[in-house]
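The exercises below ask you to read a protein structure step by step, with a worked solution after each task. Please look at the sequence and the structure first, and try each task yourself before reading on.

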Amino acid sequence: MVSQQAPTFVDVLAAKQRIAPYLRPTPLFAYPVLSELVGTEVWVKHENHQPVGAFKVRGGVNLVSQLDEDERRRGVITASTGNHGQSIAYAARLFGVRAIVCVPDGANPVKLASMQALGAELVVHGRDFDDAREHCERLAAEHGYRYVHSGNEPLLIAGVATETLEILEEQPGIDVVIVPIGGGSGAAGACVAAKSIRRSIEVIGVQSEAAPAAYRSWKARQLLEDRMKTRAEGLATRVAFELPQQILREHLDDFVLVAENELDEAVVRMIEGTRNLVEPAGAAPLAAALRIRDRLAGKRVALVLSGGNISPDQLRAILLAS
C-alpha cells in the first residue's frame, strides 16, 4: 500500500502554474471526419504536440520542480517503457538533475533515443516494464537515488491532470473524456480535474484486453496482476498501481477493454482523420469510442491523444496490415 494522499483540485491548479513557464497548452481540435465516425461531436486533445510527444511530461515537470536540494543532489531514477522516462529526462534536464531510466529489452527505439538525447542514463533490464521497475527499485535502494514511481506519485498525477483542465477550460460543455490507461496516472488525473469542475462529466478509461491488469483491478477493487501481451507499450503494465487505482475506484465512470486489432485500426483512423502521428496507446480512446459509440450518442466527447511516439517499424507494420 502507498501512503501518499490523492492530489486535490488545488494541487492541479498549482501544477498548472508550475508547468506554465515550460509547457504550452496543447491544441484541442474538432475533426468532422471523426465525429461522423463515432456518431457524435468529438474533440481530440493533442498531447502528441508536447516536447517529448506525450502527456506525461506535465507530471515530470511538476514533480522535478518540487524536489528538495537533497533529492536533486542524489539524482532521480525511474522505470519506463518510454513516455514516462522521457518525461523525467526532460524535466531533469530543465532543472539540472541527474536522471537514470530503467527500460525493458525491446523498448521503443524512438523513445530510447529521445531519453538519451535529453541526457538520461539508460539501464536495460528485463522482459517487460515490471521487470525493469523491480530492478529500478533495487538500484534506488542500493544507491540512494530518489525513486520516481510512474503511478504512485501525487505530483505526477496532479501534473497530468492539467491536460483535462485545459480541455474543460476551452470546451466547458464536454460531457465525456476518454483516456488511455497503462499505470493509470492520466486517467486518475482526468478524474481529479473533471469531477472537481463538474461531477456529471463522465471519465472513461481504456486498456488493451491483452494487458488488462488495471481493468481487472478496478473491477475487483483490489490490486491484481495479469498478462502483458499488448504491442501498445503505453498500455503495457502487468501490475496495477495503488494510488491511481484508489482514485479510479472512487471516480472512474467506466472502463473499456479493446482488442489489439481495434488499436491498430484506430491508429490508422486517427492518422487519416487528424494528419497527426499517433502511437497505439494514443489511439486507444478512439478505439473505445467506436466500441461504445451507441452510448455516446448525443454527447460531446474529448479523446486524449496521449502520445505520438510510434516507431517507423510499428507504423509500417500497422499500415501494411490495414
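**Exercise 1. An aromatic cluster**

Which residues form one aromatic cluster together with Trp218?

Solution. Before starting, note that this is a predicted model, in which local features need pLDDT of at least 70, side-chain atom pairs count only at pLDDT 80 or more, and totals for chains, interfaces and linings use all residues. Residues are numbered from 1 along each chain as its sequence is written, and side-chain values use heavy atoms, with hydrogens and water left out.

Step 1. Rings of Phe, Tyr and Trp (its six-membered ring) pair if their centres lie within 6.5 Å, and planes under 30 degrees apart count as stacked, over 60 as edge-to-face and the rest as tilted. A search of the whole structure with this rule finds five aromatic pairs.

Step 2. For Tyr215 and Phe255 the ring centres are 5.3 Å apart and the planes stand at 85 degrees, so this pair is edge-to-face. The pair links distant parts of the chain, since Tyr215 belongs to helix H11 (residues 213-220) and Phe255 to strand S9 (residues 254-258), 40 residues apart. Helices (H or I, at least four residues) and strands (E, at least two) are DSSP runs, numbered from the N terminus.

Step 3. The cluster consists of Tyr215, Trp218 and Phe255.

**Exercise 2. The faces of two helices**

Determine how the buried residues are arranged around helix H11 and around helix H16, and what they pack against.

Solution. Step 1. A residue is buried under 20% relative accessible area, exposed over 50% and partly exposed in between (1.4 Å probe, protein chains only). In H11 the buried residues are Ala213, Ala214, Ser217 and Trp218.

Step 2. Looking down the axis of H11, we find these buried residues within an arc of 130 degrees, so they line one face of the helix; the arc is that of the directions from the helix axis to the C-beta atoms. They pack against strand S8 (202-208), helix H12 (242-251) and S9, where contact means heavy atoms within 4.5 Å. Phe255 is itself buried, with a relative accessible area of 5%.

Step 3. In H16 (residues 312-321) the buried residues are Gln314, Leu315 and Ile318. They fall within an arc of 95 degrees when seen down the axis of H16, so they too line one face of their helix. The face turned away from this buried side carries the exposed residues Pro312, Asp313 and Leu320, while the buried residues of H16 pack against helix H13 (260-274) and H14.

**Exercise 3. Nonpolar cores**

Which residues have the most contacts inside the largest nonpolar core, and which helix gives the most to it?

Solution. Step 1. A nonpolar core is a set of buried Ala, Val, Leu, Ile, Met, Phe, Trp, Tyr and Cys residues joined through side-chain atoms within 4.5 Å. In soluble globular proteins, nonpolar side chains tend to be buried together.

Step 2. The largest such core has 34 residues, and Ile178, Met270 and Leu296 have the most contacts inside it. Helix H14 (residues 280-291) gives the most to this core, with seven residues.

Step 3. There is also a second, separate core of 30 residues, which includes Ala161, Ala188, Cys191 and Leu252. Cys191 counts as buried, at 0% relative accessibility.

**Exercise 4. Ser80 and a cysteine beside it**

Describe where Ser80 lies, whether it is buried or exposed, and what it touches.

Solution. Step 1. Ser80 is found in the loop between strand S3 (76-79) and helix H5 (83-95), and because its relative accessibility is 2%, Ser80 counts as buried.

Step 2. A polar atom of the Ser80 side chain lies 2.8 Å from the backbone nitrogen of Gly85. Not counting residues up to four places away in sequence, Ser80 touches Gly85, Val101, Cys102, Val103, Pro104 and Phe129.

Step 3. A disulfide is a pair of cysteine sulfur atoms within 2.5 Å, and by this rule the count comes to zero. Cys102 is thus in no disulfide, the nearest cysteine sulfur being that of Cys136, 4.3 Å away. Cys102 is buried, with a relative accessible area of 0%.

Key: A polar contact is a pair of N or O atoms within 3.5 Å; within protein, one must be able to donate a hydrogen and the other to accept it, and residues adjacent in sequence count only if both atoms are side-chain atoms.
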